[in-house]
Every structure is written in C-alpha cells, then in structure tokens.
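Dear colleague,

Please find below the structure that I am handing over to you. I would be grateful if you could read the notes beneath it with the coordinates open.

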Amino acid sequence: MAEGVLDETSRKILRLLQSEPELTVAEIGERVGLSHTPCWRRIKEMERLGIIRGRIIAIEPKLVGYEVSVFCFVRLKQHDEATLLEFEKAVKNMPEVVQCYSMTGDHDYVLRVLTSSVRQYEEILKKALLRLPGVGFVNSSFALDELKNTHRVPI
C-alpha cells in the first residue's frame with residue numbers, strides 16, 4: 001500500500017472499523033474477502049502510515065457531567081514561532097479543551113471547551129484561557145445544542 005493511496009479493500013476495512021469497531025480482524029477480513037493475516041497486515045500498515053490514528057470510545061458529555069460546550073475564538077498578541085509553539089503546547093495540556101484548530105481569518109485559533117456549567121467556564125476563562133502564552137483576545141460562544149458530532153471520515 002503506497003502512502004496516501006488506498007485501494008477499495010482498504011477503504012472497506014476503514015469503513016467497517018468506523019461503523020463497527022467491535023468487529024474482530026477475522027470478521028473484518030471475512031466481510032472484505034481477506035483471511036485474518038492479510039487483513040491484520042493491512043490494518044497494521046494503515047496504523048504505521050498514520051491513516052488509522054487510534055481507536056476511540058465515544059462518550060456522551062452530558063451524561064458524564066459536561067453540560068456546556070463552548071467555542072473560544074482566540075487571537076494572539078504576537079505571532080512569532082516561540083509564542084505559537086508555547087500556546088499550542090499549553091492548550092494540548094488542558095483537559096477541558098477537547099478540540100483546537102489553528103485558523104485563517106479574524107482569529108488565530110478556535111477551541112472547543114467542555115465544562116459542567118457556565119460558572120465553571122468562567123473559572124477556566126479567568127484562570128487558564130486568558131493566561132495562555134500570547135493570548136490577547138478570547139471571544140466565547142456557547143453551543144445551544146449539538147446537532148452533529150462525529151469522528152467518522154466519509155470514505
């Protein structure tokens with residue numbers, strides 16, 4: 001399998017892993033027309049290439065106490081490499097930040113923060129977000145409802 005090139009069998013394997021992660025390698029192989037070992041090798045190769053980044057268990061945040069989802073639009077004071085790297089390292093170490101993207105346009109980053117309440121978010125904002133390296137501006141938007149949130153890639 002060449003890097004970045006997937007044949008239809010590998011695409012079928014990926015679709016099955018996304019839709020039915022509980023399947024065994026043997027079951028996946030049977031469904032895509034491979035025996036256990038060649039199927040296992042393909043999966044291992046896709047992991048080695050970074051196509052498969054890991055396996056997850058999807059948890060419903062509201063059912064474990066995270067009622068509030070906040071999108072934070074961040075602008076930095078300066079844009080030198082050291083500041084960007086420090087900011088990104090600090091954000092990666094914040095468990096409340098579940099997603100972070102560097103952006104083009106009016107904001108440098110957008111973060112998704114999960115919290116149990118608006119009051120808890122206020123604490124996170126004051127004690128952590130506004131103190132991140134280089135932060136000059138944070139604009140917060142609270143999600144009213146989640147209509148779609150998936151890790152599935154349309155393969």
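The notes that follow cover the sheet, the helix that packs on it, a helix pair and one buried serine.

Please bear in mind throughout that this is a predicted model.

The sheet

Four strands make up an open sheet, with antiparallel pairing and the order E2-E3-E1-E4. Its edges are strand E2 (97-102) and strand E4, each of which pairs on one side only. On average, and with direction ignored, neighbouring strands in this sheet are turned by 20 degrees against each other.

The individual pairings can be followed across the sheet. Between E2 and E3 there are five bridges, in the antiparallel sense; here Ser102 has Tyr109 of E3 as its bridge partner. Strand E3 (residues 109-115) is in turn joined to strand E1 (residues 68-76) by seven bridges, and these two strands run antiparallel. Within that pairing, Val68 is partnered by Thr115 in E3. On the other side, E1 is linked to strand E4 (residues 135-142) through seven bridges, again in an antiparallel arrangement. In this case Cys72 lies opposite Ser140 of E4.

The helix on the sheet

Helix H4 (residues 81-92) packs on the sheet and touches E1, E2, E3 and E4. The direction of H4 makes about 20 degrees with that of E3.

The pair H1 and H2

In general, two packed helices are described by the angle between their axes and the distance between the axes. For H1 and helix H2 (residues 25-32), the packing angle is about 130 degrees and the axes are 10 Å apart. Angles from 115 to 145 degrees count as oblique, and H1 and H2 are therefore oblique to each other. Their crossing is right-handed. From H1, the residues Thr9, Lys12, Ile13, Leu16 and Leu17 take part in the contact; from H2, they meet Ile28, Arg31 and Val32.

A buried serine in H1

Ser10 is located in helix H1 (residues 8-19). Is Ser10 buried or exposed? Its relative accessibility is 1%, and the limit for a buried residue is under 20%, so Ser10 counts as buried. The side chain of Ser10 also makes a polar contact with the side chain of Arg42, at 2.8 Å.

When you open the model, Ser10 and Arg42 may serve as a starting point for H1, and the pairing of E1 with E3 as one for the sheet.

With kind regards

Conventions: Residues numbered from 1 in each chain as written. Predicted model: local features only at pLDDT ≥ 70, side-chain atom pairs only at ≥ 80, totals over all residues. Heavy atoms only, no water. Pairing = 2+ DSSP bridges. Buried < 20%, exposed > 50% of the residue type's maximum accessible area, 1.4 Å probe, protein only. Polar contact = N/O pair within 3.5 Å; in protein donor to acceptor, adjacent residues only side chain to side chain. Axes fitted to C-alpha atoms, helices over the stretch in contact; angles between N-to-C directions. Contact = heavy atoms within 4.5 Å. Parallel < 35°, antiparallel > 145°, perpendicular 65-115°, else oblique. Left-handed = near helix turned anticlockwise from the far one by under 90°.
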